[in-house]
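Dear colleague,

I am handing over a structure that I would like you to look through at your convenience. The sequence and the coordinates come directly below, and my notes on what was found follow them.

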Amino acid sequence: MKLIIENDAGTAATAAAQLIAEEIGAHDTPVLGLATGRTMEGIYARLAQAHEQGTLDFSCVTSFNLDEYVGLSAEDPRSYHYYMQDHLFRFVNIDLHRTHLPDGAATDLDAECAAYEAQIARSGGIDLQLLGIGDTGHIGFNEPPSSFDTRTRCVELDEATREQNAAMFGGDPNAVPHEALTMGVGTILDARRLLLVATGPAKAGIVAKALEGPITPEVSASAIRLHKNYVVILDEASAAELSPATLAHAQRNA
Ligand code: GLP
């Protein structure tokens, strides 16, 4: 593991955006796995800024997002399709035909998930998968327990996750869809490189569990430790509950 600890959420986002930009530059046809959530907003803002400054070209980038709510159309402002347009795609020169998210409004959800897996395979696989972490320890929407060989599928969301994501739904956890389509833990582990980013004090407990606790389907983020090429970028607040032994290996950019 490469563990990088930045001062605050802003510098963590800068470090993550830099790593993503380097990955884009390292391939003729980069394939990115993208994530949503508040943590990603600063990262996407910096990628958009780099594009505006002329230093980052998305024309050859293919992207696959981790997940989408079931029942929301791409035009729904609460959907992850909309989020991606709003936070990244509309600001950069990515070819929208090369952007992919699972379709939560599909009539046959199982067929949609199988098609999504096939599309990832046809693209040659994901070079870098960006990940956040949910309060339940999920990556994507892989709620506990999610076995490490799971593929893209329909899952039921935990109450804690609906609470965490309620802000987009007028603050009402019950208004958050009860199901989502998500890449599986196995799909995520197939990416050639993983980048997990977490910031803020509310993430400190689950970050410590994921990075130091048992590697278990009960905390799907713990699965990243089975990967041979993964980077974790934290800020000081989200790193606060890590042990001295883990912190001793961290690259600190204060
Ligand atoms: C949602 C997404 C996850 C993301 C999580 C964290 O649940 N499905 O992929 O990691 O939110 O969100 P935030 O960054 O807002 O804490």
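In which sense do strand β3 and β5 pair, and over how many bridges? Please keep in mind throughout that this is a predicted model. Strand β3, which covers residues 62-65, pairs with β5 in the parallel sense, and the pairing runs over two bridges; at one position, F64 has H100 in β5 as its bridge partner.

This pair belongs to an open sheet of eight strands with parallel pairing, whose order is β5-β3-β2-β6-β9-β10-β1-β11. The edges are taken by β5 (99-100) and β11 (251-253), and because each of these has a single partner strand, one side of each is left without a neighbour in the sheet. As general background, strands of a sheet pair through backbone hydrogen bonds, either parallel or antiparallel.

Turning to the ligand, which sits in the largest pocket, you will find that 14 residues surround it, the closest being R38, T39, D67, H138 and K203. By class, the shell around the ligand is made up of three nonpolar, eight polar and three charged residues. Among the contacts, a polar side-chain atom of K203 lies 2.6 Å from an oxygen atom of the ligand, while a polar side-chain atom of D67 is 2.8 Å from a ligand nitrogen atom, and R38 places a backbone N or O atom 2.8 Å from an oxygen atom of the ligand. Of the 390 Å² of accessible area that the ligand has on its own, the protein covers 97%.

One backbone detail remains: P144 and P145 are joined by a cis peptide bond, with omega at about -10°, and P145 lies in the loop between β6 (128-131) and β7 (153-156). In general, most peptide bonds are trans.

With kind regards

Notes:
Residues numbered from 1 in each chain as written. Predicted model: local features only at pLDDT ≥ 70, side-chain atom pairs only at ≥ 80, totals over all residues. Heavy atoms only, no water. Near = heavy atom within 4 Å. Polar contact = N/O pair within 3.5 Å; in protein donor to acceptor, adjacent residues only side chain to side chain. Areas by Shrake-Rupley, 256 points an atom, 1.4 Å probe, with all protein chains shown as cover. 1 Å grid on protein atoms, 1.4 Å probe; cavity = no way out; pocket = protein on both sides within 12 Å on 5 of 7 lines; lining within 4 Å. Sits in = over half its atoms within 2 Å of the grid points. Nonpolar A, V, L, I, M, F, W, Y, C, P; charged D, E, K, R; others polar. Pairing = 2+ DSSP bridges. Helix = DSSP H or I, 4+ residues; strand = E, 2+ residues; numbered from the N terminus.
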